[in-house]
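Trainee: I have a model open and would like to go through it piece by piece. Can we start with one helix?
Mentor: Fine, here it is.

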Amino acid sequence: MFYNLIRRFLFSINEEKSHIYSLELLKLFYRFNLLKPFFIAQYPSTLMGLEIPNPIGLAAGLDKNGEYIDALASLGFGFIEIGTVTPRAQPGNPKPRLFRIPEKNAIINRMGFNNKGIDYMIERIKESHYKGVLGVNIGKNADTPIENAVEDYLTCLTKIYPYASYVVVNISSPNTKDLRDLQNKDNIEYLLSSLKSAQKDLEIQHQKYVPLLVKIAPDLTSEQIKDIAKVAINVSLDGIVCSNTTVDKSTIEDSPLAKESGGLSGAPLFDKSNEVLTALLKELDDSIPVIGVGGINSNKDALHKLRLGASAVQLYTGLIYQGPSLVTKCIKICNEPIIYN
Ligand SMILES: Cc1cc2nc3c(=O)[nH]c(=O)nc-3n(C[C@H](O)[C@H](O)[C@H](O)COP(=O)(O)O)c2cc1C
């Protein structure tokens with residue numbers, strides 16, 4: 001009810017401004033102690049050896065710089081993922097680059113990793129009071145040639161290692177030129193084995209093990225899914241986030257915004273991300289946990305992904321359309337039995 005009123009205002013203004021106002025408003029509410037969720041039963045579990053109070057997480061991209069960690073955590077999330085962050089600050093793509101499609105509960109974005117850089121993010125993490133599981137999603141700068149991408153990921157991993165609970169290697173954004181090519185077999189093998197080797201050294205240096213994950217696109221062929229699963233097993237990857245946004249707009253082709261380039265998220269992504277999730281889980285055969293994300297717009301959607309076999313789930317677009325109560329609704333449904341197919 002309350003969110004409906006706020007949403008009416010937020011949806012009446014420019015998309016990107018509304019995004020920033022929502023987060024600032026959330027921060028204000030947090031400061032005045034207005035966000036403490038009513039007590040909700042928790043469903044603790046472990047994810048890659050990390051203890052989480054519930055399996056409902058925040059997906060990357062909402063808090064790109066780690067500026068709203070405490071406020072977002074107070075919505076009840078079991079874990080929070082911030083980023084994508086790159087080694088150096090960059091403006092992202094020209095505006096407009098964010099489009100709402102309310103009649104489909106969907107968003108198209110081509111933000112292009114707009115962020116203030118890894119050093120800025122580290123300062124924000126140091127300022128936050130959050131003690132829960134904090135994932136950091138890392139990427140490459142737009143002006144780094146794709147052949148040198150590994151350097152950018154290594155820089156981010158090395159700098160963020162002491163401050164992150166887990167690190168996600170984002171090679172699936174459709175909005176950075178050639179980034180998705182890093183998902184091809186040879187490229188991903190080289191990238192992930194380099195990062196796993198760095199993780200070994202960092203573990204010794206910091207006396208702390210920080211799980212390493214990769215985030216994949218929902219637009220992969222079954223051959224690519226098989227290759228990625230094989231590489232993930234070979235390099236002992238700690239987890240996979242499935243999935244990012246899709247470039248397939250066939251589910252919204254009747255919308256005038258369907259021609260906008262960028263990644264589609266929200267309800268129209270649900271089935272596609274679930275197909276990739278199912279295929280991936282089959283290849284992995286329980287050897288590596290998968291975080292399911294894409295199109296969760298209700299508590300039933302969250303439960304569906306958990307029942308498919310996701311170890312945890314994440315929300316983004318559903319939060320914009322349904323409001324913060326979606327988090328508590330999803331947590332509550334975790335007491336439903338998870339019956340695996
Ligand atoms: C505006 C916007 C920005 C996003 N930025 C990022 C990002 O920086 N890094 C990332 O890994 N995913 C990013 N995503 C993708 C989400 O994390 C998520 O994978 C995707 O939106 C599917 O989930 P959803 O349907 O619940 O939104 C972004 C999504 C949106 C809508």
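Trainee: What comes right after H8, and what is its phi?
Mentor: H8 is followed by Asp 285, with a positive phi near 50 degrees. Helices here are DSSP runs of H or I, at least four residues, and strands are runs of E, at least two, numbered from the N terminus. This is a predicted model, where local features need pLDDT of at least 70, side-chain atom pairs count only at pLDDT 80 or more, and totals for chains, interfaces and linings use all residues. Residues are numbered from 1 along each chain as its sequence is written, and side-chain values use heavy atoms, leaving out hydrogens and water.

Trainee: Which residues of H8 are buried?
Mentor: Phe 270, Ser 273, Asn 274, Val 276, Leu 277, Leu 280, Leu 281 and Leu 284. Buried is under 20% relative accessible area, exposed is over 50%, and partly exposed is in between (1.4 Å probe, protein chains only).

Trainee: Where do they sit around the axis?
Mentor: They cover an arc of only 160 degrees, so they are on the same side of H8. That arc is taken from the directions from the helix axis to the C-beta atoms. An α-helix has 3.6 residues a turn, so residues three or four places apart point the same way.

Trainee: Which exposed residues are on the face turned away?
Mentor: Asp 271, Glu 275 and Lys 282.

Trainee: And what covers the buried residues of H8?
Mentor: The cover includes strand S10 (239-242) and helix H9 (299-308).

Trainee: New topic. Which residues have the most contacts inside the largest nonpolar core?
Mentor: Tyr 153 and Ile 240, in a core of 78 residues. A nonpolar core is a set of buried Ala, Val, Leu, Ile, Met, Phe, Trp, Tyr and Cys residues joined through side-chain atoms within 4.5 Å.

Trainee: What does Ile 240 touch?
Mentor: Not counting residues up to four places away in sequence, its contacts (heavy atoms within 4.5 Å) include Leu 280 and Leu 284.

Trainee: How many aromatic pairs are there in the whole structure?
Mentor: The search finds 2. Rings of Phe, Tyr and Trp (its six-membered ring) pair if their centres lie within 6.5 Å; planes under 30 degrees apart are stacked, over 60 edge-to-face, the rest tilted. Phe 11 and Tyr 321 are edge-to-face, because their planes are at 90 degrees, with ring centres 5.5 Å apart.

Trainee: Is Tyr 321 buried or exposed?
Mentor: Buried, at 3% relative accessibility. Phe 11 is partly exposed, at 22%.
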